[in-house]
Amino acid sequence: MSIFGSPNRCGSQVPLDIVQRGYDDGLAKWVPDGPCLDHVQVLGYVNAPDEPFFSRDIGRSFQLSGRTYYLFGDTFCNDAGISNNTVQLVPDRNRPKNAYYLQRDRKGCVVPLIALNSDEQKFLKAAANEKTRIAFWCFGGIVEVTPGIGWTWYQKHIISPGGHDELSGVGIARISHNKSSLSGELSCARMPGLMFGPGQPLFGSFSALVEDDRVYLWGQHDTDVFLARVRKEHCHQLFQYEFWNGSTYVSEMEKAMPVLQDFQQGQVFKSELFGFRLPWVFVGVTKWADSMVMIGAASSIEGPWDIRPLFRAEGIIKREAYQYCMYAHPWGANAQQGQLLVSWCDPWPGGVILAKVTFDTHPGTHWATIALDSCSEQVAYSVTNRAAEISRSSNLRFAELANPRRLRLFGTDERAVEGGLNMMRHHMGLVIKDEASQAQMGRRRGSSLTGFLAKVFSRVGREL
């Protein structure tokens, strides 16, 4: 008997395919004390050199019809006036600072994405003070549910002279790419009324994303952040929403439990930055006005979250002023090289600042993935259990993947991967027939599926 115990044997051969091989560049390190920061490169304000500089905040990015945009909050258009929920197009993702407004009025003021309706226009005309205004702020960004069509959950505020800010609640608007426009212009259609009131979690206005066939929405209430979800086709139908109660999703909003606490703004997104074990990443800022960029990671979209301080943001015009609206832009940097593009807001007369964050990385890793979905539950259970025993007694790493069920073997080089497969064969009765042993291991994703298919035949069973 080996140190791993006697092999399992069931007497029948079950094919287990090596469905993928590949190589990962060094992923960012997430150690018990959190991420390991290498350096931060401040790129400057978001604004193309030939565009007028307007002070603005938020700076959340989104993508629609393959185009990349920034979405801003209050936008001070110098002598032309003040606008809000304005949009800039990023023509080249390799130059993330260079962004251009799509529409300005005759005075030069940027045209907002979400416009006032007739009732709101009448309200402002009847207001006692002509400086009263209505603002729509889209802190949660815009999520694309089908090509060229997205939704945003915006906060509606009535702002009176002297800084009085009255929150009305959260509305929802359908955003679509104007197909007749070659310049990337967007159209907006607001749904009637508001979805959430000021006494409820403001779902969708903190963060929102699409995963599979659902939209997941985070919303604040007091100091807590709650989570909801809805199928993509039902975003505008509140009765279709489900709310996370700490263990499952329920239809009663009042049963929702917080998933985050004490954050002012932030963003949840899916990334390869910290590897497949921690696919969910959070970037944000707390309510404590400390200008600290916070970063978190989780194995599940519901959490629990491990959130740590990353670095203290500084302004350009007002270096020591409180910096806020910390967001990530995953499209703007290479996660597989341990990089992440982030932004924050420098208060008026500043703007949205971009920075590229580089983390310390693990060494590159070779891997092979074995399919378990075609075999019985008993065989899959035996294979994964034996792999776990081998992992505890060696330097090899195994990981079980779901949907479809897979077993992935990691090694520092190709020989280590082959050694791991041989160890499984020796201790589990596996007979390996590798038709791809002479093929070069492809890079990750597309190239890793090309040029070979190997088969592993297993004789795994039970011995009492």
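Colleague: Why does Asp213 count as partly exposed?

Modeller: Its relative accessibility is 28%, and the partly exposed class runs between the 20% limit for buried and the 50% limit for exposed, so Asp213 belongs in that class. Bear in mind that the model is predicted. Arg231, at 33% relative accessibility, is partly exposed by that reasoning too.

Colleague: What makes the meeting of Asp213 and Arg231 a salt bridge?

Modeller: Their side chains come to 2.6 Å, N to O, and the cut-off is 4 Å, so the pair qualifies. Asp213 lies in the loop between β15 (207–211) and β16, while Arg231 is in strand β17 (residues 224–231), so the pair ties together parts that are 18 residues apart in sequence. There is also a network of salt bridges here, which links Asp213, Arg214, Arg231 and Glu233.

Colleague: How many salt bridges does a search of the whole structure find?

Modeller: The search finds 14. Another example from β17 is Arg229 with Glu242, whose closest N and O atoms are 2.7 Å apart. That pair links distant parts of the chain, with Arg229 in strand β17 and Glu242 in strand β18 (residues 242–244), 13 residues apart.

Colleague: Are Arg229 and Glu242 buried or partly exposed?

Modeller: Arg229 has a relative accessible area of 16%; the limit for buried is under 20%, so Arg229 is buried. Glu242, at 25% relative accessibility, is over that limit and counts as partly exposed.

Colleague: How do you know that Lys287 and Asp262 form a salt bridge?

Modeller: The N to O distance between their side chains is 3.4 Å, and 4 Å is the limit, so the pair counts. Lys287 is in the loop between β22 and β23 and Asp262 in the loop between β20 (260–261) and β21, 25 residues apart. Lys287 is partly exposed at 36%, and Asp262 is partly exposed at 24%.

Colleague: On to the rings, then. How many aromatic pairs are there?

Modeller: The count comes to 19. One of them is Tyr216 with Tyr249, at 6.3 Å centre to centre and 65 degrees between the planes.

Colleague: Why is the pair of Tyr216 and Tyr249 called edge-to-face?

Modeller: The centres, at 6.3 Å, are within the 6.5 Å limit, and 65 degrees is over the 60 that edge-to-face requires, so both conditions are met. Tyr216 is in strand β16 (residues 214–221) and Tyr249 in strand β19 (residues 249–250), so the pair ties together parts that are 33 residues apart in sequence. Tyr216 is buried at 9%, and Tyr249 is buried at 11%.

Colleague: What makes Phe263 and Phe282 edge-to-face?

Modeller: Their planes are 75 degrees apart, over the cut-off of 60, and their centres are 4.9 Å apart, within 6.5 Å; therefore the pair is edge-to-face. Phe263 lies in strand β21 (residues 263–270) and Phe282 in strand β22 (residues 280–286), so parts that are 19 residues apart in sequence are tied together. Both Phe263 and Phe282 are buried.

Colleague: What makes you call β22 mostly covered?

Modeller: Seven of its seven residues are buried. Trp280, Phe282, Gly284 and Thr286 point one way, and Val281, Val283 and Val285 point the other.

Colleague: How do you know that β21 and β22 pair?

Modeller: Pairing needs at least two bridges, and these strands have seven, so they pair, in the antiparallel sense. Gly266, for instance, has Gly284 in β22 as its bridge partner. β22 also runs antiparallel to strand β23 (residues 292–298), with five bridges, and Trp280 stands opposite Ala298 there. In the hairpin of β22 and β23, with five residues between the strands, Ala289 takes a positive phi near 55 degrees.

Colleague: What places the charged end of Arg408 over the ring of Trp367?

Modeller: The charged end is 3.9 Å from the ring centre, and the distance limit is 6 Å. Arg56 lies over the face of Phe72 in a comparable entry, at 3.8 Å from the ring centre.

Colleague: Finally, why is Thr86 called buried?

Modeller: Its relative accessible area is 0%, which is under 20%, so Thr86 is buried. Thr86 lies in the loop between β7 (82–83) and β8 (87–90) and touches residues including Tyr70, Phe72, Tyr101 and Val110. Its side chain also makes a polar contact of 2.7 Å with that of Thr75.

Technical notes
Residues are numbered from 1 along each chain as its sequence is written. This is a predicted model: local features need pLDDT of at least 70, side-chain atom pairs count only at pLDDT 80 or more; totals for chains, interfaces and linings use all residues. Side-chain values use heavy atoms; hydrogens and water are left out. Helices (H or I, at least four residues) and strands (E, at least two) are DSSP runs, numbered from the N terminus. Buried means under 20% relative accessible area, exposed over 50%, partly exposed in between (1.4 Å probe, protein chains only). A polar contact is a pair of N or O atoms within 3.5 Å; within protein, one must be able to donate a hydrogen and the other to accept it, and residues adjacent in sequence count only if both atoms are side-chain atoms. Contact means heavy atoms within 4.5 Å. Rings of Phe, Tyr and Trp (its six-membered ring) pair if their centres lie within 6.5 Å; planes under 30 degrees apart count as stacked, over 60 as edge-to-face and the rest as tilted. A charge sits over a ring if NZ of Lys or CZ of Arg is within 6 Å of the ring centre and within 35 degrees of the ring normal. Lists of a residue's contacts leave out its neighbours within four places in sequence.
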